[in-house]
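Morning, everyone. I have one structure to walk through today. Please have the sequence and the model open.

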Amino acid sequence: MTTLIDLAGYLAAEQAADEAVKDVVATVAAACVQISRVVASGAISGSLGAAGVVNVQDEEQKKLDIITNDILRDALKGCAAVAGLASEELEEIETTGRQGGFLVTFDPLDGSSNIDVNVSVGTIFSILPAPAGRTPTEADFLQPGRGQAAAGYAVYGPQTMLVLTLSTGVVAFTLDASGAWLLTHGQVAIPADTAEFAINMSNQRHWAEPVRRYIDGCLQGKAGPRGKNFNMRWVASMVADVHRILMRGGIFLYPWDSREPDKPGKLRLLYEANPMSLIVERAGGKATTDGQAAILDIQATKLHQRVPVVLGSANEVAQVGAG
Ligand code: P6P
(Lines give C-alpha, C1' and ligand atoms only; values in the text may rest on other atoms or scores of the structure.)
Protein backbone atom coordinates (compact mmCIF):
# COMPACT_ATOMS: atom_id res chain seq x y z
CA MET A 1 0.00 0.00 0.00
CA THR A 2 1.64 3.25 -1.07
CA THR A 3 1.86 6.01 1.57
CA LEU A 4 -0.49 8.85 0.66
CA ILE A 5 0.65 12.41 1.30
CA ASP A 6 -1.58 14.55 3.50
CA LEU A 7 -2.93 18.05 2.86
CA ALA A 8 -0.06 19.68 4.75
CA GLY A 9 2.46 17.82 2.60
CA TYR A 10 0.60 18.74 -0.57
CA LEU A 11 0.42 22.44 0.35
CA ALA A 12 4.12 22.49 1.31
CA ALA A 13 5.05 21.07 -2.10
CA GLU A 14 2.67 23.37 -4.03
CA GLN A 15 5.14 26.00 -5.30
CA ALA A 16 2.80 28.07 -7.47
CA ALA A 17 0.33 29.09 -4.75
CA ASP A 18 0.70 32.01 -2.36
CA GLU A 19 1.61 30.96 1.20
CA ALA A 20 -1.29 33.01 2.58
CA VAL A 21 -3.76 31.20 0.28
CA LYS A 22 -2.43 27.92 1.64
CA ASP A 23 -3.09 29.17 5.19
CA VAL A 24 -6.70 29.94 4.25
CA VAL A 25 -7.13 26.54 2.60
CA ALA A 26 -5.69 24.78 5.66
CA THR A 27 -8.07 26.77 7.89
CA VAL A 28 -11.13 25.86 5.82
CA ALA A 29 -10.01 22.22 5.57
CA ALA A 30 -9.70 21.98 9.36
CA ALA A 31 -13.14 23.54 9.78
CA CYS A 32 -14.56 20.96 7.34
CA VAL A 33 -13.21 18.17 9.55
CA GLN A 34 -15.19 19.67 12.43
CA ILE A 35 -18.25 20.03 10.19
CA SER A 36 -17.98 16.41 9.01
CA ARG A 37 -18.13 15.26 12.65
CA VAL A 38 -21.14 17.42 13.48
CA VAL A 39 -22.95 16.29 10.30
CA ALA A 40 -22.13 12.63 11.00
CA SER A 41 -23.49 12.84 14.55
CA GLY A 42 -26.95 13.79 13.20
CA ALA A 43 -29.77 12.98 15.57
CA ILE A 44 -27.38 11.86 18.29
CA SER A 45 -26.27 15.46 18.88
CA GLY A 46 -29.78 16.83 18.38
CA SER A 47 -28.48 18.90 15.45
CA LEU A 48 -31.08 17.81 12.88
CA GLY A 49 -34.26 19.64 12.01
CA ALA A 50 -35.29 23.24 11.46
CA ALA A 51 -33.82 26.14 13.38
CA GLY A 52 -37.13 28.00 13.25
CA VAL A 53 -35.71 31.02 11.37
CA VAL A 54 -35.66 32.10 7.72
CA ASN A 55 -32.34 33.25 6.19
CA VAL A 56 -31.50 35.98 3.71
CA GLN A 57 -32.31 33.54 0.91
CA ASP A 58 -35.87 33.37 2.23
CA GLU A 59 -35.20 29.70 3.02
CA GLU A 60 -35.97 27.95 6.32
CA GLN A 61 -32.64 27.48 8.11
CA LYS A 62 -31.72 24.08 9.45
CA LYS A 63 -29.97 23.88 12.84
CA LEU A 64 -26.90 22.56 11.01
CA ASP A 65 -26.88 25.56 8.65
CA ILE A 66 -26.27 27.76 11.68
CA ILE A 67 -23.86 25.38 13.46
CA THR A 68 -21.71 24.89 10.36
CA ASN A 69 -21.79 28.59 9.51
CA ASP A 70 -20.48 29.42 12.99
CA ILE A 71 -17.69 26.81 12.70
CA LEU A 72 -16.46 28.33 9.43
CA ARG A 73 -16.94 31.94 10.50
CA ASP A 74 -15.01 31.42 13.77
CA ALA A 75 -12.21 29.55 11.98
CA LEU A 76 -11.81 32.25 9.32
CA LYS A 77 -11.87 35.07 11.85
CA GLY A 78 -8.89 33.36 13.49
CA CYS A 79 -6.89 33.13 10.26
CA ALA A 80 -4.33 35.93 9.83
CA ALA A 81 -4.68 35.84 6.03
CA VAL A 82 -8.44 36.57 6.03
CA ALA A 83 -9.72 40.17 5.88
CA GLY A 84 -13.40 39.42 5.35
CA LEU A 85 -16.01 36.74 4.76
CA ALA A 86 -19.45 36.31 3.20
CA SER A 87 -21.80 33.39 3.72
CA GLU A 88 -25.04 32.12 2.25
CA GLU A 89 -26.30 32.21 5.82
CA LEU A 90 -25.29 35.82 6.57
CA GLU A 91 -27.16 38.79 5.09
CA GLU A 92 -24.05 40.98 5.06
CA ILE A 93 -20.29 40.56 4.85
CA GLU A 94 -18.19 40.39 8.01
CA THR A 95 -14.70 41.87 8.35
CA THR A 96 -11.96 40.54 10.64
CA GLY A 97 -10.22 43.84 11.46
CA ARG A 98 -7.30 42.83 9.22
CA GLN A 99 -6.38 44.32 5.83
CA GLY A 100 -4.94 42.73 2.70
CA GLY A 101 -4.76 38.98 2.31
CA PHE A 102 -7.97 37.30 1.18
CA LEU A 103 -11.74 37.29 1.26
CA VAL A 104 -13.66 34.04 1.63
CA THR A 105 -17.20 33.34 0.49
CA PHE A 106 -18.87 30.09 1.44
CA ASP A 107 -21.99 27.99 1.58
CA PRO A 108 -21.41 26.19 4.87
CA LEU A 109 -23.85 23.36 4.23
CA ASP A 110 -25.00 23.04 0.65
CA GLY A 111 -27.95 20.76 0.12
CA SER A 112 -29.08 21.03 3.72
CA SER A 113 -32.62 20.00 2.73
CA ASN A 114 -31.04 16.53 2.45
CA ILE A 115 -29.48 16.53 5.90
CA ASP A 116 -32.51 15.19 7.78
CA VAL A 117 -32.79 12.24 5.37
CA ASN A 118 -29.08 11.33 5.44
CA VAL A 119 -28.25 12.22 1.83
CA SER A 120 -24.83 13.71 0.92
CA VAL A 121 -24.31 17.42 1.62
CA GLY A 122 -21.26 19.64 1.40
CA THR A 123 -19.39 22.86 2.08
CA ILE A 124 -18.39 25.12 -0.84
CA PHE A 125 -15.80 27.91 -0.58
CA SER A 126 -14.17 30.55 -2.74
CA ILE A 127 -10.99 32.52 -1.93
CA LEU A 128 -10.66 36.00 -3.46
CA PRO A 129 -7.91 38.62 -3.18
CA ALA A 130 -8.71 41.33 -0.60
CA PRO A 131 -7.96 45.05 -1.17
CA ALA A 132 -4.60 46.21 0.19
CA GLY A 133 -4.36 48.81 2.94
CA ARG A 134 -8.01 49.18 3.85
CA THR A 135 -10.96 47.33 5.34
CA PRO A 136 -12.91 45.40 2.68
CA THR A 137 -16.43 46.45 1.75
CA GLU A 138 -19.19 44.44 0.10
CA ALA A 139 -18.12 45.79 -3.29
CA ASP A 140 -14.73 44.06 -2.87
CA PHE A 141 -16.49 40.68 -2.90
CA LEU A 142 -18.15 41.40 -6.26
CA GLN A 143 -15.25 40.08 -8.34
CA PRO A 144 -15.57 37.94 -11.51
CA GLY A 145 -14.99 34.29 -10.64
CA ARG A 146 -12.02 34.02 -12.96
CA GLY A 147 -10.04 36.08 -10.41
CA GLN A 148 -10.45 33.57 -7.57
CA ALA A 149 -7.16 32.70 -5.85
CA ALA A 150 -8.49 29.24 -5.01
CA ALA A 151 -11.75 27.32 -4.63
CA GLY A 152 -12.92 24.04 -3.22
CA TYR A 153 -15.59 21.99 -1.57
CA ALA A 154 -15.98 19.23 0.98
CA VAL A 155 -18.54 16.52 0.31
CA TYR A 156 -19.91 14.62 3.32
CA GLY A 157 -20.94 11.32 1.75
CA PRO A 158 -19.93 7.65 2.01
CA GLN A 159 -16.44 9.16 2.09
CA THR A 160 -15.72 12.66 3.29
CA MET A 161 -13.68 14.29 0.55
CA LEU A 162 -12.07 17.68 -0.07
CA VAL A 163 -11.69 18.85 -3.67
CA LEU A 164 -9.36 21.80 -4.34
CA THR A 165 -7.99 23.96 -7.09
CA LEU A 166 -5.16 26.33 -6.14
CA SER A 167 -2.99 27.48 -9.07
CA THR A 168 -3.74 24.92 -11.80
CA GLY A 169 -5.42 21.52 -11.90
CA VAL A 170 -7.84 19.88 -9.45
CA VAL A 171 -6.93 17.48 -6.64
CA ALA A 172 -9.00 15.52 -4.15
CA PHE A 173 -8.35 14.34 -0.62
CA THR A 174 -10.15 11.71 1.44
CA LEU A 175 -10.55 12.09 5.20
CA ASP A 176 -9.09 9.20 7.18
CA ALA A 177 -10.13 7.94 10.61
CA SER A 178 -7.51 10.11 12.32
CA GLY A 179 -8.91 13.30 10.77
CA ALA A 180 -6.15 13.67 8.17
CA TRP A 181 -6.92 14.69 4.56
CA LEU A 182 -5.02 12.20 2.34
CA LEU A 183 -4.34 12.91 -1.35
CA THR A 184 -6.29 10.21 -3.20
CA HIS A 185 -6.86 11.90 -6.60
CA GLY A 186 -3.81 13.72 -7.94
CA GLN A 187 -5.31 14.96 -11.20
CA VAL A 188 -9.09 15.18 -11.46
CA ALA A 189 -10.28 15.42 -15.08
CA ILE A 190 -13.83 15.52 -16.45
CA PRO A 191 -14.39 13.34 -19.57
CA ALA A 192 -15.36 15.58 -22.52
CA ASP A 193 -18.37 13.42 -23.41
CA THR A 194 -21.14 11.93 -21.30
CA ALA A 195 -24.50 10.19 -21.44
CA GLU A 196 -25.68 11.32 -17.99
CA PHE A 197 -27.58 14.50 -17.17
CA ALA A 198 -28.57 16.00 -13.81
CA ILE A 199 -31.60 18.26 -13.62
CA ASN A 200 -34.75 18.50 -11.48
CA MET A 201 -37.22 17.09 -14.03
CA SER A 202 -40.23 18.23 -11.96
CA ASN A 203 -39.58 21.75 -13.33
CA GLN A 204 -39.74 20.65 -16.98
CA ARG A 205 -42.90 22.62 -17.86
CA HIS A 206 -41.27 25.81 -16.53
CA TRP A 207 -38.03 25.71 -18.52
CA ALA A 208 -37.15 27.97 -21.45
CA GLU A 209 -37.31 26.37 -24.91
CA PRO A 210 -33.54 25.71 -25.41
CA VAL A 211 -33.34 23.68 -22.18
CA ARG A 212 -36.57 21.82 -22.95
CA ARG A 213 -35.24 21.03 -26.43
CA TYR A 214 -31.92 19.80 -25.05
CA ILE A 215 -33.49 17.51 -22.43
CA ASP A 216 -36.08 16.22 -24.94
CA GLY A 217 -33.17 15.27 -27.21
CA CYS A 218 -31.55 13.30 -24.37
CA LEU A 219 -34.85 11.59 -23.48
CA GLN A 220 -35.41 10.43 -27.08
CA GLY A 221 -32.32 8.27 -26.64
CA LYS A 222 -30.75 6.21 -29.43
CA ALA A 223 -33.67 6.74 -31.83
CA GLY A 224 -33.54 10.52 -31.31
CA PRO A 225 -31.22 13.30 -32.52
CA ARG A 226 -28.46 12.39 -30.06
CA GLY A 227 -28.22 8.79 -31.28
CA LYS A 228 -27.53 7.47 -27.79
CA ASN A 229 -29.40 6.67 -24.58
CA PHE A 230 -28.95 8.90 -21.53
CA ASN A 231 -29.08 8.22 -17.79
CA MET A 232 -30.34 10.76 -15.25
CA ARG A 233 -29.25 11.61 -11.71
CA TRP A 234 -30.50 14.35 -9.34
CA VAL A 235 -29.24 14.35 -5.73
CA ALA A 236 -30.55 17.89 -5.07
CA SER A 237 -27.21 18.68 -3.46
CA MET A 238 -25.03 20.62 -5.90
CA VAL A 239 -21.86 19.39 -4.21
CA ALA A 240 -22.86 15.74 -4.67
CA ASP A 241 -24.00 16.19 -8.28
CA VAL A 242 -20.89 18.16 -9.25
CA HIS A 243 -18.61 15.70 -7.45
CA ARG A 244 -20.08 12.81 -9.47
CA ILE A 245 -19.43 14.80 -12.66
CA LEU A 246 -15.80 15.44 -11.62
CA MET A 247 -15.36 11.73 -10.95
CA ARG A 248 -17.08 10.25 -14.04
CA GLY A 249 -18.39 13.04 -16.27
CA GLY A 250 -21.92 14.33 -16.79
CA ILE A 251 -23.84 17.56 -17.21
CA PHE A 252 -25.56 19.52 -14.40
CA LEU A 253 -28.32 22.01 -15.14
CA TYR A 254 -30.16 24.40 -12.84
CA PRO A 255 -31.56 26.77 -15.48
CA TRP A 256 -33.83 29.79 -15.25
CA ASP A 257 -37.46 28.78 -15.04
CA SER A 258 -40.78 30.60 -15.16
CA ARG A 259 -41.86 29.80 -11.59
CA GLU A 260 -40.25 33.05 -10.43
CA PRO A 261 -39.38 34.76 -13.74
CA ASP A 262 -37.51 37.65 -12.05
CA LYS A 263 -35.03 35.18 -10.51
CA PRO A 264 -32.25 34.32 -13.03
CA GLY A 265 -31.75 30.96 -11.34
CA LYS A 266 -31.66 29.24 -7.96
CA LEU A 267 -27.93 28.88 -7.37
CA ARG A 268 -25.83 31.71 -5.93
CA LEU A 269 -22.98 33.14 -7.95
CA LEU A 270 -20.36 34.06 -5.34
CA TYR A 271 -20.35 30.94 -3.14
CA GLU A 272 -21.83 28.19 -5.30
CA ALA A 273 -21.52 28.82 -9.06
CA ASN A 274 -18.15 30.61 -9.07
CA PRO A 275 -16.15 28.14 -6.94
CA MET A 276 -17.72 25.15 -8.69
CA SER A 277 -17.09 26.73 -12.10
CA LEU A 278 -13.40 27.31 -11.37
CA ILE A 279 -13.04 23.68 -10.32
CA VAL A 280 -14.96 22.38 -13.34
CA GLU A 281 -13.01 24.50 -15.85
CA ARG A 282 -9.66 23.58 -14.26
CA ALA A 283 -10.72 19.90 -14.57
CA GLY A 284 -11.28 20.38 -18.31
CA GLY A 285 -15.05 20.93 -18.22
CA LYS A 286 -17.23 23.91 -19.12
CA ALA A 287 -19.28 26.07 -16.74
CA THR A 288 -21.88 28.37 -18.27
CA THR A 289 -25.19 30.09 -17.59
CA ASP A 290 -26.80 28.66 -20.74
CA GLY A 291 -24.42 26.29 -22.43
CA GLN A 292 -22.50 29.17 -23.98
CA ALA A 293 -21.69 32.15 -21.67
CA ALA A 294 -18.95 31.42 -19.10
CA ILE A 295 -19.99 31.88 -15.46
CA LEU A 296 -16.45 32.91 -14.46
CA ASP A 297 -16.69 36.03 -16.65
CA ILE A 298 -19.81 37.41 -14.89
CA GLN A 299 -19.30 40.73 -13.12
CA ALA A 300 -21.28 40.26 -9.89
CA THR A 301 -23.54 43.16 -8.84
CA LYS A 302 -25.06 41.76 -5.63
CA LEU A 303 -23.66 39.66 -2.78
CA HIS A 304 -26.37 36.97 -2.95
CA GLN A 305 -26.88 37.20 -6.71
CA ARG A 306 -28.33 34.08 -8.35
CA VAL A 307 -27.41 32.68 -11.77
CA PRO A 308 -28.57 29.86 -14.04
CA VAL A 309 -26.01 27.05 -14.21
CA VAL A 310 -25.16 24.56 -16.96
CA LEU A 311 -21.81 22.84 -16.30
CA GLY A 312 -19.91 19.60 -16.77
CA SER A 313 -18.48 17.61 -19.68
CA ALA A 314 -17.33 20.19 -22.23
CA ASN A 315 -18.80 18.61 -25.38
CA GLU A 316 -22.17 18.06 -23.68
CA VAL A 317 -22.44 21.58 -22.23
CA ALA A 318 -21.87 22.92 -25.76
CA GLN A 319 -24.99 21.01 -26.91
CA VAL A 320 -27.26 23.16 -24.71
CA GLY A 321 -28.63 26.23 -26.49
CA ALA A 322 -26.67 25.23 -29.59
CA GLY A 323 -29.93 25.43 -31.59
P1 P6P B 1 -34.16 21.65 -5.92
C2 P6P B 1 -29.62 22.86 -2.42
O3 P6P B 1 -30.70 23.50 -1.76
C4 P6P B 1 -29.38 23.62 -3.71
O5 P6P B 1 -29.05 24.94 -3.45
C6 P6P B 1 -28.29 22.92 -4.52
O7 P6P B 1 -27.34 22.31 -3.73
C8 P6P B 1 -29.08 21.91 -5.35
O9 P6P B 1 -28.46 21.60 -6.58
C10 P6P B 1 -30.42 22.62 -5.57
O11 P6P B 1 -30.56 23.57 -4.51
C12 P6P B 1 -31.59 21.65 -5.53
O13 P6P B 1 -32.74 22.38 -5.83
O14 P6P B 1 -35.08 22.73 -6.47
O15 P6P B 1 -34.00 20.48 -6.85
O16 P6P B 1 -34.49 21.21 -4.52
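**Strands, ligand, and a few single residues**

Let's start with a strand pair. Strand S8, residues 160–165, runs antiparallel to S9, and four bridges join the two. Keep in mind throughout that this is a predicted model.

Where does Val 163 stand? It is opposite Ala 172 in S9. The connection is a hairpin, with five residues between S8 and S9. Look at Gly 169 in that turn: its phi is positive, about 70°.

Now the other neighbour of S9. Strand S10, residues 181–185, pairs with S9 over four bridges, in the antiparallel sense. Leu 175 has Trp 181 in S10 as its bridge partner. Again we have a hairpin, with five residues between S9 and S10. Gly 179 sits in this turn, with a positive phi of about 90°.

So much for pairing. What about cover? S9 spans residues 171–175, and five of its five residues are buried. In a regular strand, side chains alternate between the two faces of the sheet. Here is how the two sides of S9 divide. One side carries Val 171, Phe 173 and Leu 175. The other side carries Ala 172 and Thr 174. Both faces are covered, and those residues are all buried.

Next, the ligand. How many residues surround it? The count is 13. The closest are Asp 110, Asn 200, Trp 234, Met 238 and Tyr 254.

Three polar distances are worth noting down. For Asp 110, a side-chain N or O atom is 2.7 Å from a ligand oxygen. For Trp 234, a polar side-chain atom lies 2.9 Å from an oxygen of the ligand. For Tyr 254, the corresponding distance to a ligand oxygen is 2.6 Å. And the cover? On its own, the ligand has 400 Å² of accessible area, and the protein covers 85% of that.

On to the cysteines. What is the disulfide count? Zero. Cys 32 is in no disulfide, and the nearest cysteine sulfur to it, that of Cys 79, is 13 Å away. Why no bond for Cys 79? Because its closest cysteine sulfur, in Cys 32, is 13 Å off, which is too far. The cut-off for a disulfide is 2.5 Å between sulfurs. Are these cysteines buried or exposed? Cys 32 has 0% relative accessibility, so it counts as buried. Cys 79 is buried as well, with a relative accessible area of 6%.

Two more residues. First, Asn 55. You will find it in the loop between strand S1, residues 50–54, and strand S2, residues 60–62. With 9% relative accessibility, Asn 55 is a buried loop residue. Its side chain makes a polar contact with the side chain of Glu 89, at 3.0 Å. Leaving aside neighbours within four places in sequence, Asn 55 is in contact with Gln 61, Glu 88 and Glu 89.

Second, Ile 245. Which helix holds it? Helix H5, residues 238–248. Its relative accessibility is 1%, so Ile 245 counts as buried. Beyond neighbours within four places in sequence, Ile 245 is in contact with six residues I'll read out: Ile 190, Gly 250, Ile 251, Phe 252, Leu 311 and Gly 312. One long-range pair to finish. Ile 245 and Ala 31 are 214 residues apart in sequence, and their C-alpha atoms are 25 Å apart in space.

That's my tour. Over to you.

Methods:
Residues numbered from 1 in each chain as written. Predicted model: local features only at pLDDT ≥ 70, side-chain atom pairs only at ≥ 80, totals over all residues. Heavy atoms only, no water. Buried < 20%, exposed > 50% of the residue type's maximum accessible area, 1.4 Å probe, protein only. Polar contact = N/O pair within 3.5 Å; in protein donor to acceptor, adjacent residues only side chain to side chain. Contact = heavy atoms within 4.5 Å. Near = heavy atom within 4 Å. Areas by Shrake-Rupley, 256 points an atom, 1.4 Å probe, with all protein chains shown as cover. Pairing = 2+ DSSP bridges.
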